[in-house]
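Hi everyone, thanks for coming. Let me put today's structure up on the screen, and then we'll walk through it together.

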Amino acid sequence: MKKAILISFALAIVLLAVAACSAAAPTPTPVPLPVFVQPTALSQPAATIAPPTAAPPPSATTALPTTAPTVSATPSATTASANVAPTTAQATAVPPTIPPPSVAPTAAPASPVAPPGLYVTAMRLDPPQPTHGQAVSFYVTFLNTAATDNNQRWQVYIYKADTPTRRNNETTVLLTTFQPGSVELKALGTFTFGPTGSPCDYFYAVVDILDINNKGTDLTQPDGKTFQKALVICQ
């Protein structure tokens with residue numbers, strides 16, 4: 001019995017304590033839920049674009065810009081700018097000087113001028129390579145360097161090469177009037193030499209003019225050397 005009273009007393013105390021706590025604690029205020037609002041795009045003011053203003057035409061008194069165009073310091077390997085100023089090495093380059101020759105060239109000696117007179121400049125044979133027993137004709141080219149005609153009697157003398165001091169044969173004397181200049185004339189007569197047993201025989205021919213005593217004088221070339229024509233007769 002006593003135990004039950006103690007238990008009842010304890011329960012009463014607990015209830016009193018609970019009631020006291022309930023009276024002292026404030027009633028909580030409900031928190032309203034957040035309302036979602038759709039964001040609206042902010043309008044931005046439109047940018048005002050000013051119309052392009054045309055540049056005023058240059059007047060007669062407006063000075064043109066004097067600033068030179070900027071040129072790259074390193075020119076392209078394939079393209080050179082027309083406005084690039086020459087480098088110091090190019091501006092100061094001096095063309096090489098060719099030294100004068102140590103010895104002055106000597107002038108070619110002047111050709112000797114033959115005094116006025118009659119000369120022989122050429123002779124051709126017909127046939128050009130005669131054989132033994134064949135008649136040979138002589139065509140002589142004369143040169144008269146005088147300003148007037150030159151009347152001369154002339155003929156061709158033939159010498160054997162191994163006996164130059166003894167005349168072997170000769171053509172007939174021919175009187176000719178040589179006008180100034182060059183002319184080819186055929187000697188009067190021919191020369192024939194028969195077989196001697198040798199494969200070839202060697203001669204040479206000269207042209208002589210004859211004086212009133214029929215003494216012959218060998219005609220020369222314009223250089224002063226006696227004219228001679230080799231004559232070889234073979235089998």
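I'll go through the disulfide, a couple of backbone details, a buried charge and some aromatic rings.

Before we start, keep in mind that this is a predicted model.

Okay, the disulfide. A disulfide is a covalent bond between the sulfur atoms of two cysteines. This structure holds one. Cys-200 is joined to Cys-234, with 1.9 Å from S to S. Where do the two cysteines sit in the chain? Cys-200 is in strand S7, which runs over residues 200-210, and Cys-234 is in strand S9, residues 229-234. They're 34 residues apart, so to speak of distant parts of the chain being linked is fair. If you look along the S-S bond, the angle about it is 110°, and the link is right-handed. Are these cysteines buried or exposed? Somewhere in between: Cys-200 counts as partly exposed because its relative accessibility is 22%, and Cys-234 is partly exposed too, at 23%.

Now the backbone. Go to the loop between strand S1 (118-126) and strand S2 (137-144), and you'll find Pro-127. The peptide bond leading into Pro-127 from Asp-126 is cis, and its omega is near 5°.

Next, move to the loop between S7 and strand S8 (216-218), where Asn-214 lies. Asn-214 isn't a glycine, yet it has a positive phi of about 60°. With a relative accessible area of 47%, Asn-214 is partly exposed.

Back into strand S7 for Asp-208. This one is buried but has no salt bridge. How far away is the nearest side chain of opposite charge? That's Arg-167, at 6.0 Å, and a salt bridge would need the charged atoms within 4 Å. What Asp-208 does have is a polar side-chain atom 3.4 Å from the backbone nitrogen of Thr-217. Beyond its sequence neighbours, Asp-208 is in contact with several residues, including Arg-153, Tyr-157 and Gly-216. Trp-154 is also among them, and that brings us to the rings.

Searching the whole structure turns up six aromatic pairs. One of them is Phe-142 with Trp-154: the ring centres are 4.9 Å apart and the planes meet at 65°, so we call the pair edge-to-face. Phe-142 comes from strand S2 and Trp-154 from strand S3 (residues 150-160), 12 residues apart. Phe-142 is buried, at 1% relative accessible area, and Trp-154 is buried as well, at 1%. Add Phe-178, and you have one aromatic cluster made of Phe-142, Trp-154 and Phe-178.

That's my tour, thanks for listening!

Technical notes: Residues are numbered from 1 along each chain as its sequence is written. This is a predicted model: local features need pLDDT of at least 70, side-chain atom pairs count only at pLDDT 80 or more; totals for chains, interfaces and linings use all residues. Side-chain values use heavy atoms; hydrogens and water are left out. A disulfide is a pair of cysteine sulfur atoms within 2.5 Å. Helices (H or I, at least four residues) and strands (E, at least two) are DSSP runs, numbered from the N terminus. Buried means under 20% relative accessible area, exposed over 50%, partly exposed in between (1.4 Å probe, protein chains only). Lys and Arg count as positive and Asp and Glu as negative; His and the chain ends are not counted. A polar contact is a pair of N or O atoms within 3.5 Å; within protein, one must be able to donate a hydrogen and the other to accept it, and residues adjacent in sequence count only if both atoms are side-chain atoms. Contact means heavy atoms within 4.5 Å. Rings of Phe, Tyr and Trp (its six-membered ring) pair if their centres lie within 6.5 Å; planes under 30 degrees apart count as stacked, over 60 as edge-to-face and the rest as tilted. Lists of a residue's contacts leave out its neighbours within four places in sequence.
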